[in-house]
Amino acid sequence: MPYIKIVNENYDNDNAIDNLFGYITSCSKCGGMAGGYNVIPQYAVKMMKMVRQLYGKSDGSQLIHIILSLSSGETMSEEAMYKFSLCIASYFCDHQVVFGVHSDTNHLHTHFMVNTVSFRDGSVLKSKGEIKRDLEMFCSNILSEFGK
């Protein structure tokens with residue numbers, strides 16, 4: 001089963017979206033293996049900020065940072081991990097998500113940046129604990145489709 005970590009950071013400052021986007025999509029980290037869900041990656045920062053402004057939710061925690069890695073003994077190519085990550089991003093069906101498959105270490109992993117505000121209705125994501133639990137189950141189901 002994949003390991004999911006929700007980074008315990010508030011990401012509530014003015015540069016939070018810009019900084020995390022830069023880290024997740026850095027070519028030195030992901031070699032161009034970055035994507036988006038409900039957002040065009042190269043415009044993600046601007047689009048995420050626009051959604052937050054539209055619903056009057058520019059303050060507070062702006063995003064959730066999630067790291068997904070495979071369990072020991074599980075392997076996947078970078079291309080397969082990208083496809084798997086895109087499927088995982090679909091869990092956040094009403095939110096904007098940017099992700100990058102990082103291959104800069106000997107352990108392939110994906111970083112996700114999720115806008116806490118829904119682009120559909122302005123609702124805010126549930127608690128990090130609920131997200132982690134539900135996302136773990138979702139990942140297990142998706143992983144079985146990848147033959148893992």
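Colleague: Buried means under 20% relative accessible area, exposed means over 50%, and partly exposed is in between (1.4 Å probe, protein chains only). Is Phe112 buried or exposed?
Modeller: Phe112 is buried, at 1% relative accessible area. Keep in mind that this is a predicted model: local features need pLDDT of at least 70, side-chain atom pairs count only at pLDDT 80 or more, and totals for chains, interfaces and linings use all residues. Residues are numbered from 1 along each chain as its sequence is written, and side-chain values use heavy atoms, with hydrogens and water left out.

Colleague: How many aromatic pairs does the structure hold?
Modeller: Four. Rings of Phe, Tyr and Trp (its six-membered ring) pair if their centres lie within 6.5 Å; planes under 30 degrees apart are stacked, over 60 edge-to-face, the rest tilted. Tyr91 and Phe92 make an edge-to-face pair, because their planes stand at 90° with the centres 4.8 Å apart. Tyr91 is buried at 18%, and Phe92 at 4%.

Colleague: What sort of pair do Phe99 and Phe112 form?
Modeller: A tilted one, 5.9 Å centre to centre with 40° between the planes. Phe99 sits in strand S4 (residues 97-102) and Phe112 in strand S5 (residues 109-115), so the pair ties together parts 13 residues apart in sequence. Helices (H or I, at least four residues) and strands (E, at least two) are DSSP runs, numbered from the N terminus. Phe99 is buried, at 0%. Tyr82, Phe99 and Phe112 form one aromatic cluster.

Colleague: Which residues have the most contacts inside the largest nonpolar core?
Modeller: Ile66, Phe84 and Phe92, in a core of 26 residues. S1 (3-6), S3, H4 (78-89), S4, S5 and H5 (128-145) each give two or more residues to this core. H5 gives the most, with five. Such a core is a set of buried Ala, Val, Leu, Ile, Met, Phe, Trp, Tyr and Cys residues joined through side-chain atoms within 4.5 Å.

Colleague: What does Phe84 touch?
Modeller: Skipping residues up to four places away in sequence, Phe84 touches Pro2, Leu68, Leu70, Met76, Cys139, Ile142, Leu143 and Phe146. Contact here means heavy atoms within 4.5 Å. Apart from the largest core lies another, of 15 residues, including Leu20, Met48, Leu63 and Ile67.

Colleague: New topic. Which residues of helix H1 are buried?
Modeller: In H1 (residues 16-24), Ala16, Ile17, Leu20, Phe21 and Ile24 are buried. They span an arc of only 120° around the axis, which puts them on the same side of H1. The arc is that of the directions from the helix axis to the C-beta atoms. These buried residues pack against H2 (27-30), H3 (44-54), S3 (63-69), S4 and S5.

Colleague: And which are buried in H3?
Modeller: Ala44, Val45, Met48, Val51 and Arg52. Their arc is only 135°, which puts them on the same side of H3. Lys46, Gln53 and Leu54 are exposed on the other side. The buried residues of H3 pack against H1, S4 and S5. Just after H3, Gly56 has a positive phi of about 65°.

Colleague: Last one. How many disulfides does a search of the whole structure find?
Modeller: Zero. The cut-off for a disulfide is a pair of cysteine sulfur atoms within 2.5 Å.

Colleague: Why no bond for Cys87?
Modeller: Because the closest cysteine sulfur, in Cys139, is 10 Å from the sulfur of Cys87, too far for a bond. Cys87 is partly exposed, at 27%. For Cys93, the closest cysteine sulfur is in Cys87, 14 Å from its own, also too far. Cys93 is partly exposed, at 41%.
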